[in-house]
Amino acid sequence: MNTVLSDDFWVKEPERYPNNYYKFSTRVRFHIFTGQRIAFDLGPHSPFRRITAFYELSTCDLYVISSATNKYVRTWDILSLSFGVKLHIL
């Protein structure tokens with residue numbers, strides 16, 4: 001579950017929109033993801049204690065709904081692939 005802390009987004013639609021104009025919250029998203037990480041200890045003489053590399057494949061609820069209701073949305077259109085490196089200093 002992910003949220004955005006801003007007054008521009010809402011859980012319940014504001015009164016300025018007709019009733020049920022938006023059928024979803026703009027502040028809360030549910031995500032489905034899978035991923036993996038691998039970490040390496042760098043030893044006592046390195047400025048970093050450890051380095052970690054990771055990847056994640058994910059999508060969110062609105063993308064899945066769009067894919068199910070729109071035949072032009074392909075599977076690759078709704079997936080996100082992320083890579084990253086984390087340096088541990090403590």
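A residue counts as exposed when its relative accessible area is over 50%, as buried when that value is under 20%, and as partly exposed in between. In this predicted model, Leu81 comes out at 52% and is therefore exposed. Leu81 sits in strand 5, and it belongs to a nonpolar surface patch of about 420 Å² together with Tyr55, Leu57 and Phe83. Two strands build that patch: strand 4, spanning 50–60, and strand 5, spanning 80–88, each put in at least two of its residues.

Now for the aromatic side chains. Ring pairing turns up two aromatic pairs. One of them joins Trp10 and Tyr17, with ring centres 5.5 Å apart. Their planes meet at 35 degrees, so this pair is tilted, given that stacked pairs need planes under 30 degrees apart and edge-to-face pairs need over 60. Tyr17 also pairs with Tyr21, and here the arrangement is stacked, with 5.8 Å from centre to centre and 5 degrees between the planes. Tyr17 thus takes part in a tilted pair and in a stacked one, and Trp10, Tyr17 and Tyr21 make up one aromatic cluster.

How do the three members of the cluster fare for exposure? Each falls into its own class under the cut-offs given above. Trp10 is buried, because its relative accessibility is 11%. Tyr17, at 23%, is partly exposed. Tyr21 has a relative accessible area of 52% and so is exposed.

Note on methods: Residues are numbered from 1 along each chain as its sequence is written. This is a predicted model: local features need pLDDT of at least 70, side-chain atom pairs count only at pLDDT 80 or more; totals for chains, interfaces and linings use all residues. Side-chain values use heavy atoms; hydrogens and water are left out. Patches are made of residues with over 30% relative accessible area and no salt bridge: like charges are joined within 9 Å, nonpolar side chains (Val, Leu, Ile, Met, Phe, Trp, Tyr) within 5 Å. Accessible areas come from the Shrake-Rupley method with a 1.4 Å probe; for residues, only the protein chains shown count as cover. A salt bridge is a side-chain nitrogen of Lys or Arg within 4 Å of a carboxyl oxygen of Asp or Glu. Helices (H or I, at least four residues) and strands (E, at least two) are DSSP runs, numbered from the N terminus. Buried means under 20% relative accessible area, exposed over 50%, partly exposed in between (1.4 Å probe, protein chains only). Rings of Phe, Tyr and Trp (its six-membered ring) pair if their centres lie within 6.5 Å; planes under 30 degrees apart count as stacked, over 60 as edge-to-face and the rest as tilted.
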